[in-house]
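Welcome, and please keep your viewer open beside this text. We will go from stop to stop, with something to select at each one.

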Amino acid sequence: MRRALAFLGMLVLSCAAVVAGPAVRAHAAADVAVQLGYADNLRANPANFPTPWEGAPDVTYGGCTGGCTFDAGAVRVINNTGVGVTVDYIHVSFGTCVYDIWRHNVPLAPNGQYIVTQTINSFSAGCTSDGSFDTSDIGPNGADWSGDCNQSNVVPLVTVSIDGVVSNFNDTGKILNTGGVDGASCGMGNESQQWAPVGSVSCPGSILSLAPPQQDLAVGTQASVTANLVNSCGDPLQGAPIAFKVASGPNAGLTGSATTDAGGNATFTYTGTVSGTDVIGASTTNPAGTITSNNVQVTWLTLLTGDAYGLKSSGLVGIAPTPEAGPVAVTGASTNSPPCDANILGLIITANTLCANVSTAVNPDSSTANASVQHVGIAVLGLPAIQIGAVASTSHMVCAGGTGGTSIASITVGGITVPISVNPGPNTTVNVLGIKLILNEQIATGTATDHTLTVNAVHVIVPGLLDTVVASSTSDIHGCA
């Protein structure tokens, strides 16, 4: 019923426009909203005080300025037409008592709003002409109703003229006169009434909610949180300035602001640069204080990646990474461990028991890759045969840096044993009979925030003929501080 009455109020404005005004003006008037509220910071309650108020974006304010104390009805007109309109005047009537104390011919750009209330820092009961607008204390035909808990049966009338189109709205919910009694003296205490569509029942409070409650995102991406401001009946409160703040976490102190749209929504977006959990809140302020939201969390996770394989070759023999674990891209702990390959059987390259795996962890963040091959034989026509015994490589990376290593059981070239350590130093290079061997090959790359370490147990290079990597492990980490 409440929403039906509000819709009928808007329908009156639309129909009046269609009958009394030209086509362009008719479209404009139909999308202009009229809302009512009551402003009381004498007995302050921030959640109830009409929000937005003076100083909000797109607000033309017709009321007392300079830190005033309010005890007054309030009317606002919102232009949602998409084109400019002019509010010729706003009148408010209580029987024979008519208020016409606000500026006429007020232009409103798209999304603009005109708010009127008491114009002096004072409030007087009954029908006044001095700029006070203490409408909770106005009875039939302007009688003094202060302290009176008897039902006045007065239904305030709001008259709005827009672009020459005059529309009348009955305040059937008696928002302006606090239910037809002096609310302050009759159990209400604080008389503030949050903005509600004209013709609606009273919706005194407001709710500022922030969503979503939890997000898990990779460092370097963007998070968006949306604040929603509505009155206690669920009607959106458009045009309110919302302040966002990261209260704690890696991005503590970061702030932002936005204005609620016609749905009561305002969005804050920022980029996470460091891992950890941010706690975010939102608020909006009016002359009675601050309305605060619930807190939400954004957890920033370092992106972990990795890659590993048993053997890869190009040149005379092309072999894709076999088997390959990864690359993986995750924001949490995971393991990628495909089944080992039993054999590679070829005319030039043979191998058996090839294994690879990649794992990632969080808190602390790390990436680990391992690869192993039980035996590799390489026979290139015209060159000495190469036999590689059991080999393994490992690479481990955290934000502080990476470590890696290799174990090699044996290598022979043309039947001759190559003298090597079981755990050769990084990038040990051996040239034998025209064949280049790089043992424990380590390749580190990265930036201040991204680190990668690749460890190849054995890299066999026959210039112009063959390039073969045995037991390769790569660990990565991204988005480090």
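Is Leu433 buried or exposed? Leu433 is exposed, with a relative accessible area of 51%; here buried means under 20% relative accessible area, exposed over 50%, and partly exposed in between, with a 1.4 Å probe and protein chains only. Select Leu433 and you are in the loop between strand S31 (428–432) and S32. Strand labels follow DSSP runs numbered from the N terminus: helices are H or I with at least four residues, strands are E with at least two. Check the backbone too: Leu433 is not a glycine, although its phi is positive, at about 50°.

**Ground rules**

This is a predicted model, in which local features need pLDDT of at least 70 and side-chain atom pairs count only at pLDDT 80 or more, while totals for chains, interfaces and linings use all residues. Residues are numbered from 1 along each chain as its sequence is written, and side-chain values use heavy atoms, with hydrogens and water left out.

**The whole chain**

Zoom out and colour by pLDDT, the predictor's confidence in each residue, from 0 to 100. The protein chain averages 91, and 94% of the residues score at least 70. Now select residues 1–29, where pLDDT stays under 50. Where pLDDT is low, the predicted coordinates should not be read in detail.

Show the cartoon next: the protein chain has two helices and 34 strands. Its radius of gyration is 37 Å, well over the 23 Å that the globule rule gives for 481 residues, so the chain is more spread out than a compact globule. That radius is taken over C-alpha atoms, and the rule is 2.2 Å times the number of residues to the power 0.38. Along the principal axes, the C-alpha atoms fill a box of roughly 115 × 45 × 35 Å.

Switch on a surface: the accessible area comes to about 18,700 Å², with 56% belonging to carbon and sulfur atoms (Shrake-Rupley method, 1.4 Å probe). Of the 481 residues, 51% are buried. Among contacts (heavy atoms within 4.5 Å) with a separation of 6 or more, 62% are between residues 24 or more positions apart.

**A five-strand sheet**

Select S2, S7, S3, S1 and S10, which form an open sheet in that order, with mixed pairing. Strands S2 (59–62) and S10 (193–197) stand at the edges with a single partner strand each, so one side of each is left without a neighbour in the sheet. Two strands count as paired if DSSP finds at least two bridges between them. Strand S1 (residues 32–40) runs antiparallel to S10, and three bridges join them. To find the register, look for Gln35, which stands opposite Pro197 in S10.

**The loop after S1**

Move on to Pro46, in the loop between S1 and S2. Pro46 is partly exposed, at 22% relative accessibility. Leaving aside residues up to four places away in sequence, Pro46 touches Thr51, Asn286, Ala288, Gly289, Thr290 and Ile291. Pro52 sits in the loop between S1 and S2 as well, and the peptide bond from Thr51 to Pro52 is cis, with omega near 10°.

**S11 and its partner**

Select strand S11 (residues 206–211) and show side chains. Ser206, Leu208 and Leu210 point to one face and are buried, while Ile207, Ser209 and Ala211 point to the other and are not. Six bridges join S11 to strand S13 (residues 222–231) in an antiparallel arrangement, with Ser209 opposite Asn228. Just past S11, the peptide bond from Ala211 to Pro212 is cis, with omega near -5°. Pro212 belongs to the loop between S11 and strand S12 (214–218).

**Asn363**

Asn363 lies in the loop between strand S24 (349–361) and strand S25 (366–378). Asn363 has a positive phi of about 55° without being a glycine, and its relative accessible area of 74% makes it exposed. Most residues other than glycine have a negative phi, and most peptide bonds are trans.

**Last stop: S32, S33 and S34**

Select strand S33 (residues 451–462): 12 of its 12 residues are buried, so S33 is largely enclosed by the rest of the structure. Strand S32 (residues 435–446) joins S33 through 10 antiparallel bridges, and Leu437 stands opposite Val460. A hairpin of four residues links S32 to S33. S33 also pairs with strand S34 (residues 466–478), antiparallel over 11 bridges, and Thr452 stands opposite Asp476. The hairpin from S33 to S34 has three residues between the strands, and Gly464 in the turn has a positive phi of about 80°.
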